[in-house]
Amino acid sequence: MDKRWLIAVICIGALAGLGVYLYLNLRPTFGRTARLRMWLRDPSAHPEWTMHAGTRCGTAPFLFPTDGFIGYLWDDSFRLGHRHQGIDIFGGTEVGKTPVVAAYPGTLTRLPTWKSAVIVRVASDPLQPGRQIWLYYTHMADPNGNSFISPDFPPGTTEKDIDAGTLLGYQGDYTGDPASPTGVHLHFSIVLDNGQGGFRNELDINNTLDPSPYLGLPLNARTSDGEVITCTGVGL
Ligand SMILES: [Zn+2]
């Protein structure tokens, strides 16, 4: 009988711990989903929630890379154990309509197999000069993989010089699975160099940087106050 009680107490404790863990980790993301849904229902109802491509917030080194609502942040959690490696900006339009521009100058590469993504090498991190970083822009295709990337950057493009503000393409909803497209958005992330002139695996948050200081916005899910994120920077 004593043993059974002990097991019951351990089970209840474990469940309570799991509940607290889920609450702390997933609740902020659920809150952002609710607000995103509200904005997507009628973007014109909340123009003050919308960011614009080419905006610089304060003295941040990067330009904001697209138009839309900042739906999800760096280190948001979409499911147990998941940590989001970038930010998601939702244009509120059909696919192929909302422009995506370069946040910072560099050299652009699009691997031969990439339908929806480009990556830009920045030889010297503006916030840590001498360190090489990579800026990753993705979801620029429709569910079937028809690309919305600018024809200036066909598959196989390697190390092409671009400026801040260069048009890279348009937001899409490509996920790799035509049966389950995502909402129309840009996923943008800052990826660490692998030390051999290449980029690390972007899917692991440990290989990415908190974009907050680069864009001059509070984009870290762990420290966000849950408010809508915008800035009063001057657009290009
Ligand atoms: Zn994302």
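Me: What share of the 236 residues of the protein chain counts as buried?
Reply: This is a predicted model, and in it 45% of the 236 residues of the protein chain count as buried. The cut-off for buried is under 20% relative accessible area.

Me: How many helices and strands does the secondary structure of the protein chain come to?
Reply: There are 2 helices and 10 strands. Along the sequence they are arranged as α-β-β-β-β-β-β-β-β-β-β-α. The radius of gyration of the protein chain is 20 Å, and the globule rule gives 18 Å for 236 residues; these are close, so the chain is as compact as a globular protein of that length.

Me: What does the C-alpha trace span along its principal axes?
Reply: The C-alpha trace of the protein chain spans about 75 × 45 × 40 Å.

Me: Which residues are the protein donors of the zinc ion?
Reply: A metal site is read from the atoms that count as donors, here N, O and S atoms within 2.8 Å. The zinc ion has His84 through NE2, Asp88 through OD and His187 through ND1, at 2.0 to 2.1 Å. Water is not among the atoms, so the site may look incomplete.

Me: What spacing do the donors of the zinc ion follow along the chain?
Reply: The spacing is H-x3-D-x98-H.

Me: Is histidine 84 buried or exposed?
Reply: Histidine 84 counts as buried because its relative accessibility is 2%. Aspartate 88 is buried as well, with a relative accessible area of 4%.

Me: What volume does the largest pocket have?
Reply: The general idea comes first. Rolling a probe the size of a water molecule over the atoms shows where empty space is left. In this structure the largest pocket has a volume of about 500 Å³. Its lining has 23 residues, and those nearest the centre of the pocket are Tyr136, Thr138, His139, Glu202 and Leu203.

Me: Which strands each supply at least two residues of that lining?
Reply: Strand E6 (133-138) and strand E9 (185-192) each do so for the largest pocket. By class, the lining of the largest pocket holds 6 nonpolar, 13 polar and 4 charged residues.

Me: Which residues line the second largest pocket?
Reply: The second largest pocket has a volume of about 230 Å³. Its lining includes Arg27, Arg32, Arg35, Phe69, Glu227 and Ile229. Helix H1 (2-41) and strand E1 (69-72) each supply at least two lining residues, and H1 gives the most, with 5 residues. By class, the lining of the second largest pocket divides into 5 nonpolar, 3 polar and 4 charged.

Me: How many disulfides does a search of the whole structure find?
Reply: The search finds 1 disulfide. Cysteine 57 is joined to cysteine 231, with an S to S distance of 2.0 Å. The link of cysteine 57 and cysteine 231 is left-handed, with -85 degrees about the S-S bond. Cysteine 57 lies in the loop between H1 and E1, and cysteine 231 in the segment after helix H2 (212-215), so the pair ties together parts that are 174 residues apart in sequence.

Me: How do the accessibility values of these cysteines read?
Reply: Cysteine 57 is buried, with a relative accessible area of 5%. Cysteine 231 counts as partly exposed at 22% relative accessibility. Cysteine 11 is partly exposed, with a relative accessible area of 43%.

Me: Which value of phi does aspartate 75 have?
Reply: Phi of aspartate 75 is near 75 degrees, a positive value in a residue other than glycine. Aspartate 75 is found in the loop between E1 and strand E2 (87-90) and counts as buried at 5% relative accessibility. Phi is also positive in glutamate 159, near 55 degrees, again in a residue other than glycine. Glutamate 159 lies in the loop between E6 and strand E7 (160-162) and is partly exposed, with a relative accessible area of 35%.

Me: What distance separates the C-alpha atoms of asparagine 220 and aspartate 76?
Reply: Separation along the chain and separation in space are read as two values. The C-alpha atoms of asparagine 220 and aspartate 76 are 8.0 Å apart, with their positions 144 residues apart along the chain. Asparagine 220 is in the segment after H2 and counts as buried at 13% relative accessibility. For proline 43 and aspartate 76, 33 residues apart along the chain, the C-alpha atoms are separated by 23 Å. Proline 43 is in the loop between H1 and E1 and counts as partly exposed at 24% relative accessibility.

How values were computed: Residues are numbered from 1 along each chain as its sequence is written. This is a predicted model: local features need pLDDT of at least 70, side-chain atom pairs count only at pLDDT 80 or more; totals for chains, interfaces and linings use all residues. Side-chain values use heavy atoms; hydrogens and water are left out. Donors are N, O and S atoms within 2.8 Å of the metal (3.2 Å for Na, K and Ca); water is not among the atoms, so sites may look incomplete. Buried means under 20% relative accessible area, exposed over 50%, partly exposed in between (1.4 Å probe, protein chains only). On a 1 Å grid over the protein atoms alone, a cavity is a set of points where a 1.4 Å probe fits but cannot get out, and a pocket is an open set with protein on both sides within 12 Å along at least five of seven lines; lining residues have an atom within 4 Å of a point. Grid points are joined across faces, edges and corners, and a volume is the space filled by probe spheres set on the points. Helices (H or I, at least four residues) and strands (E, at least two) are DSSP runs, numbered from the N terminus. Ala, Val, Leu, Ile, Met, Phe, Trp, Tyr, Cys and Pro count as nonpolar, Asp, Glu, Lys and Arg as charged, and the others, Gly among them, as polar. A disulfide is a pair of cysteine sulfur atoms within 2.5 Å. The radius of gyration is taken over C-alpha atoms; the globule rule is 2.2 Å times the number of residues to the power 0.38.
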